[in-house]
Amino acid sequence: MTKYNFEAIENKWQKKWEEDSVFKVIENKDKEKYYVLEMFPYPSGKLHMGHVRNYSIGDVIARFKTMQGYNVLHPIGWDAFGLPAENAAIKNNIHPNNWTKDNVLEMKRQLKELGLSYDWDREVTTCLPDYYKWTQWLFLQFYHNGLAYKKKSPVNWCPSCETVLANEQVVNDRCERCDSLVSKKNLDQWYFKITDYAEKLLEDLEDLDGWPEKVKIMQKNWIGKSYGAEIEFKIKDSDKALEVFTTRPDTVFGVTFMVLAPEHPLVNELVKDTEHENEVNEFIKKLERLSEVERTASNVEKDGMFIGRYAINPLNNKRIPIYIANYVLMDYGTGAIMAVPAHDERDFEFAKKYHIDIIPVIDPENNDIDVNDLKEAFSQPGKMINSGEFNGLDNKDAIKKIVDYIENENLGKSTINYRLRDWLISRQRYWGTPIPIVYCDKCGIVPTPDDELPVLLPTDVVFSGKGESPLTTSESFKNAKCPKCGGHAKRETDTMDTFVDSSWYFLRYTDANNEDEVFNKDKSSYWMNVNQYIGGVEHAILHLLYSRFFTKVMHDIGLTTVKEPFKNLLTQGMVLKDGAKMSKSKGNVVSPEEIISKYGADTARLFILFAAPPERDLEWSDTGVEGSYRFLNRVWRLTEDLKNIFYNKGNINIEIKSGEDKELNYVINNTIKRVTEDIEERFNFNTAISAVMELVNESYKYKEIDSEKFNEDLMVKAIETILVLLSPFAPHLTEEIWYEIGHNSSIHDEKWPSYDDKALVKEEIEIVIQVNGKVREKIEVSKDITKDQLEKVALNNEKIQSYIDGKNIVKVICVPSKLVNIVVK
Ligand SMILES: [Zn+2]
Ligand SMILES: [Zn+2]
């Protein structure tokens, strides 16, 4: 008997599949399409187990759908721009381009070792000009449609490195490289107007039935729609007023102070030439060094300062002090809040700290509240109190009444607000898509004409780690000719956020090699949308939201026919070892290469799919891997033992002769049913695999029966069923055996088997026999047995006889196909 030589088998078939381009796919209008996609990787250079899991899940779905007769698109590519390449350039003096290309080659080799069914002809690499040309073109479409604009906004700035830092380069307020305190610097930066699509992004979540509820909730919260009112608070002794947005107009009578973001443009004006000026400026400087999270996290102490001025509550004309505080930010809402300490936790903390009045305006218990007893703000609904003419109303009803009052009295208006902000896409980095814009002294902002795209990344760049952006060191790049007037112009030296690159790659796959268009509309409308998208839940917000935004914009400007990119979404769990995520620093990394060289890719794939349902975290287990390896060996040996019975018996009519035949035939058909349903309906690959394992066990059992009973045709059917059902999981081994047993075409061209309903009807059923209601025996009887016969069988049963012997039978209750109860005295 030959041994299961996974290495030779896997090499052989990977080569053969590639030579025969078996995974290449083209549009075919006569066939129903299926588009399965895994989130494309960043080319870090090393494949990790999380990748293996992600791609194995996608591969099983792709192979399964292909066997079901679909025209399956299953592409892969590289999310290849980004900071690590640039850091490697600074540290090791390697050009980011070379670093990235080497990594792509290395990871591609590793991916191919897994036997994944990708159409490599559609590979996209976001850092190559043939891709980023179209990212630039799309930027210009956004620009021409009023969806890209420039605005001053702060970046992290390291004063000693003299460079802009990404958020991930700032650790506890300090520069990751030199440990200096990081400050903020205002730069002119590009934004995409995603807020224009806030409502559509929210509304269309409703139609995404194939998305996990938790992801939809995260997106919903991120968009953060709220209803409320914009109210004008006049400033005392001034002609100025503060615009305040509130979602709780029912609490306006409880406002006891105002808080402005320290950056609010009015702050300087209000404190100018007052005794508070110096103190306030000091405070603002201190806050400038902090990130948004550090200012607003719930465990950060509320910190603020009275600025010496008052506002007037428009509803009761009360005078209320104005503060500035860390927890109010300029870029959400208007940068000013009305503080209601009785009903808002943050305001409550602040009021307690600075001894400000607390006035409850909603009474949930319907009894007088003693303010001095209050330990925390309360948010329960209740009756209005301390609110003038609105007293006694339900606070929910009061919202509308107070908003109406405000509108009638011209004190403000009702509003809808979103938490979602516009998307800042400028990065002061080299390794990204250049923004195709020039600045001309005469003409201002001028977009690069389409026929001058791509704006190529220059190579004469110095990676000193200093300056606003490495691109500013390239004279050839910086200086440009104005496309409008022909005069001298300066090129934009910022590049785009890499999330831009990944917001449309799934569309490029539908026509990846098109040099004339971003993609052909017919082709993209054939393939889109993605039927099944698979990736980590860490992308639940930004990547998925940006991709949805891009798709909607592209739909609205006529580039694509779909409004949503991903019909179904599967968020796979993490791969853990010893209860923790695999990471270098924890020293608990198992590399895919190690497993593949020891056991082969089929074992690696099988284990990772067998160990847990895909959306759950998976605990790595060496014994589990060995178990998967042993199982594949068992499949190998089963056919090796029986080699002589195969002479290509495909599509034979099998005669079911004995009880053993009936049993095995039942298991064959039941396994087909279970595996199909487990893959199709739930992606429960683990239970699908264990069903195949049971069929393997049954087949071993059947193999040992008496030779005169041994039904070769049925045995062949059992084994072929095992191979076909297992082929999406362990594609190499099953392909090898498939040819070994006499087939001359690929197992991956086989049709997915269907099951025979008739074989699933068990001829025998189990009947419980009770004596005086107590279960005394279980028997197997024909399912067609009559009531009389069943009664007789029960009474004549040997064991039952011992219970009823010598007693008087009062009654026999017979429930067909279930039980017989004999009542005796
Ligand atoms: Zn620094
Ligand atoms: Zn010009």
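Reader: Which residues touch the most other members in the largest nonpolar core?

Author: In this predicted model, the residues of the largest nonpolar core that touch the most other members are Phe-139, Phe-192, Tyr-505, Phe-549 and Phe-550, and that core holds 171 residues. A nonpolar core here is a set of buried Ala, Val, Leu, Ile, Met, Phe, Trp, Tyr and Cys residues joined through side-chain atoms within 4.5 Å, where buried means under 20% relative accessible area, exposed means over 50%, and partly exposed lies in between, with a 1.4 Å probe and protein chains only.

Reader: And what does Tyr-505 touch, not counting residues up to four places away in sequence?

Author: With contact taken as heavy atoms within 4.5 Å, and with residues up to four places away in sequence not counted, Tyr-505 touches Leu-37, Glu-38, Met-39, Phe-40, Val-124, Tyr-131, Tyr-533 and His-543. Apart from the core of Tyr-505 lies another core, of 38 residues, and among them are Phe-253, Ile-307, Ala-336 and Met-384.

Reader: Switching to the metal, which residues are the protein donors of the zinc ion (ligand 2)?

Author: The zinc ion (ligand 2) has as its protein donors the SG atoms of Cys-440, Cys-443, Cys-482 and Cys-485, which lie 2.2 to 2.3 Å from it. Donors are N, O and S atoms within 2.8 Å of the metal (3.2 Å for Na, K and Ca), and water is not among the atoms, so sites may look incomplete. Along the sequence, these donor residues follow the spacing C-x2-C-x38-C-x2-C.

Reader: What are the angles among the 4 donor atoms?

Author: They run from 106 to 112 degrees, and the site of the zinc ion (ligand 2) is tetrahedral, a label given to four donors if all angles lie between 85 and 135 degrees. For four tetrahedral donors the ideal angle at a metal is 109.5 degrees.

Reader: Is Cys-440 buried or exposed?

Author: Cys-440 is buried, at a relative accessible area of 7%, whereas Cys-443, at 26% relative accessibility, counts as partly exposed.

Reader: How many disulfides does the structure hold?

Author: The structure holds 0 disulfides, a disulfide being a pair of cysteine sulfur atoms within 2.5 Å. Elsewhere, Cys-814 counts as buried, with 9% relative accessibility.

Reader: Back to the whole chain: how many helices and strands?

Author: The secondary structure of the protein chain comes to 26 helices and 34 strands, where helices (H or I, at least four residues) and strands (E, at least two) are DSSP runs numbered from the N terminus. Of its 825 residues, 52% count as buried, and among contacts between residues at least 6 apart in sequence, 71% join residues at least 24 apart.

Reader: Where is Asn-669 found, and what does it touch?

Author: Asn-669 is found in helix α21, residues 659-682, and counts as buried at 1% relative accessibility. Leaving out residues up to four places away in sequence, Asn-669 touches Lys-717, Tyr-755, Asp-756, Ala-759 and Leu-760.

Reader: Now a lysine: is Lys-216 buried or exposed?

Author: Lys-216, which lies in helix α7 (residues 213-223), counts as buried, with 11% relative accessibility. By comparison, Lys-396 in helix α12 (residues 395-408) counts as exposed at 58%.

Reader: What conventions apply?

Author: Residues are numbered from 1 along each chain as its sequence is written, and chains are lettered from A and ligands numbered from 1 in the order in which they are written. Local features need pLDDT of at least 70 and side-chain atom pairs count only at pLDDT 80 or more, while totals for chains, interfaces and linings use all residues, and side-chain values use heavy atoms, with hydrogens and water left out.

Definitions and conventions:
Four donors count as tetrahedral if all angles lie between 85 and 135 degrees; four count as square planar and six as octahedral if opposite donors are over 155 degrees apart and all others between 65 and 115; anything else is irregular.
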